[in-house]
Amino acid sequence: SGAVYVRWGRTTCPSGADVVYSGRAAGAKYDHSGGTSDHHCLPNNPQYLSEDDTNALGAQLYGVEYEVAGSTSPYNSIHEADMPCVVCNVNSRSQLLMVPARYTCPSGWSREYYGYMMTEMEHSNRGGRKTTICVDSSADAVPGSGANTN
C-alpha cells in the first residue's frame, strides 16, 4: 500500500520512501515514428519471457539520454549521458500529485522531490504528442554513459 512514483534522474528515494526497484529510463527512439509515447523505468535486472529479437519491425525501447547542453542548463555536466530512475513507495501517503511550474506544495501536501519538466527533443522525427516527466533537480547520470549513443 501507499503511494508509488518514479523519481526520474536518481537511483535513490528521498528519506521516508522505500526503493521498489532502480533502473534506467527508456522510451521510443527520437527518430522512429512508431513505438510508445510514454517513458518507462526499466529495472536493472529484467526478466525476459523470450529472447527472440528477430522482429525488427517491433516497437523497441531505447535508453533515455539527457540532451541538455546550454550555457544556463543546470544539467551541463550530464549532457548526453543516460538517465537513471528509481521507483519509490511511501507507505504514509495515499495520493500523489505532480504540480507543474511549482517547487512548493499546496497546503496539506508534502514534497517528495522537485525538478525540471522535460520531454522529447524539439526536433524529434516522431509525430504526435509526447509525455512530460519531472526530472530531479539534482539529477545523476548512469555511470560510464556519457557517449552520445541515442
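**The largest pocket and three residues of a predicted model**

Good morning. By class, 18 nonpolar, 7 polar and 4 charged residues make up the lining of the largest pocket. Here Ala, Val, Leu, Ile, Met, Phe, Trp, Tyr, Cys and Pro count as nonpolar, Asp, Glu, Lys and Arg as charged, and the others, Gly among them, as polar.

This is a predicted model, in which local features need pLDDT of at least 70 and side-chain atom pairs count only at pLDDT 80 or more, while totals for chains, interfaces and linings use all residues. Residues are numbered from 1 along each chain as its sequence is written, and side-chain values use heavy atoms, with hydrogens and water left out.

A pocket is an open set of points on a 1 Å grid over the protein atoms alone, where a 1.4 Å probe fits, with protein on both sides within 12 Å along at least five of seven lines; lining residues have an atom within 4 Å of a point. The largest pocket holds about 680 Å³ of space, a volume being the space filled by probe spheres set on the points, which are joined across faces, edges and corners. Of its 29 lining residues, Leu-97, Met-98, Val-99, Glu-112 and Tyr-113 lie nearest the centre. Strand β1 gives the most to this lining, with 3 residues. Strands are DSSP runs (E, at least two residues), numbered from the N terminus.

I turn next to Arg-93, in the loop between β5 and β6. With a relative accessible area of 28%, Arg-93 is partly exposed, a class between buried, under 20%, and exposed, over 50% (1.4 Å probe, protein chains only). Leaving aside neighbours within four places in sequence, Arg-93 is in contact (heavy atoms within 4.5 Å) with Gly-2, Ala-3, Ser-110 and Glu-112. Glu-112 is also one of the residues nearest the centre of the largest pocket.

Is Pro-84, in strand β5, buried or exposed? Pro-84 counts as buried because its relative accessibility is 1%. Beyond four places in sequence, Pro-84 touches residues including Trp-8, Tyr-66, Asp-140 and Val-142. The C-alpha atoms of Pro-84 and Ala-26 are 9.2 Å apart, although 58 residues separate them along the chain.

Finally, Ser-145 is found in the segment after β7 and counts as buried, at 10% relative accessibility. A polar atom of the Ser-145 side chain lies 2.5 Å from the backbone oxygen of Val-142. Not counting neighbours within four places in sequence, Ser-145 is in contact with Glu-80, Ala-81 and Asp-82. Val-142 thus appears twice, as it is also touched by Pro-84. Thank you.

Definitions and conventions
Helix = DSSP H or I, 4+ residues; strand = E, 2+ residues; numbered from the N terminus. Polar contact = N/O pair within 3.5 Å; in protein donor to acceptor, adjacent residues only side chain to side chain.
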